[in-house]
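Please find below my notes on this model, set out point by point for someone who will read them beside the coordinates.

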Amino acid sequence: TVDDDDVEEVPDIDTPPPRSPKGDTSLKEKNDGHAPDEVSERASVQEPPVWISDRVCGHCSGCAALFTLVRRRHHCRNCGKIYCGQCSGSVASLPHFGYDHPVRVCNRCAKRLI
């Protein structure tokens with residue numbers, strides 16, 4: 001038998017990467033000397049979408065191509081769906097989710113964000 005103490009918790013591979021500190025809207029930071037417009041900007045950051053699990057998605061959400069060892073899965077940071085490299089070749093800043101730097105987005109979201 002295996003004891004619970006012997007089991008190592010494995011991080012979930014479907015967890016989105018950490019956002020920039022700008023997305024943290026804790027009460028401690030709301031009165032820390034920032035200008036009022038900076039505080040309201042931080043308060044307007046939304047939660048990013050939940051990523052679709054790699055385990056339940058065997059094909060691209062854009063072109064329906066099957067994923068293989070060569071055709072890899074990529075999550076769109078804007079919608080959370082999984083795409084192949086050709087359908088997710090765009091990057092964009094998503095300040096509404098706290099991503100101030102360009103991150104991967106699907107071609108569909110890239111067209112809407114322009």
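How many helices and strands are there in the protein chain?

1. The protein chain holds 3 helices and 4 strands, where helices (H or I, at least four residues) and strands (E, at least two) are DSSP runs numbered from the N terminus. Read from the N terminus on, these elements follow the order α-α-β-β-β-β-α.

2. This is a predicted model, in which local features need pLDDT of at least 70 and side-chain atom pairs count only at pLDDT 80 or more, while totals for chains, interfaces and linings use all residues. Residues are numbered from 1 along each chain as its sequence is written, and side-chain values use heavy atoms, with hydrogens and water left out.

3. Of the 114 residues in the protein chain, 31% are buried, meaning under 20% relative accessible area, with exposed being over 50% and partly exposed in between (1.4 Å probe, protein chains only).

4. The largest nonpolar core, a set of buried Ala, Val, Leu, Ile, Met, Phe, Trp, Tyr and Cys residues joined through side-chain atoms within 4.5 Å, has 17 residues, and those with the most contacts inside it are C60, F67, C76, Y83, L94 and V105. Two or more residues each come from strand 2 (82-83), strand 3 (90-94), strand 4 (99-105) and helix 3, and strand 4 gives the most, with 3 residues.

5. H59 lies in the loop between helix 2 (36-43) and strand 1 (74-75), and H59 counts as partly exposed because its relative accessible area is 40%. H59 and C84 are 25 residues apart in sequence and 8.1 Å apart in space, C-alpha to C-alpha.
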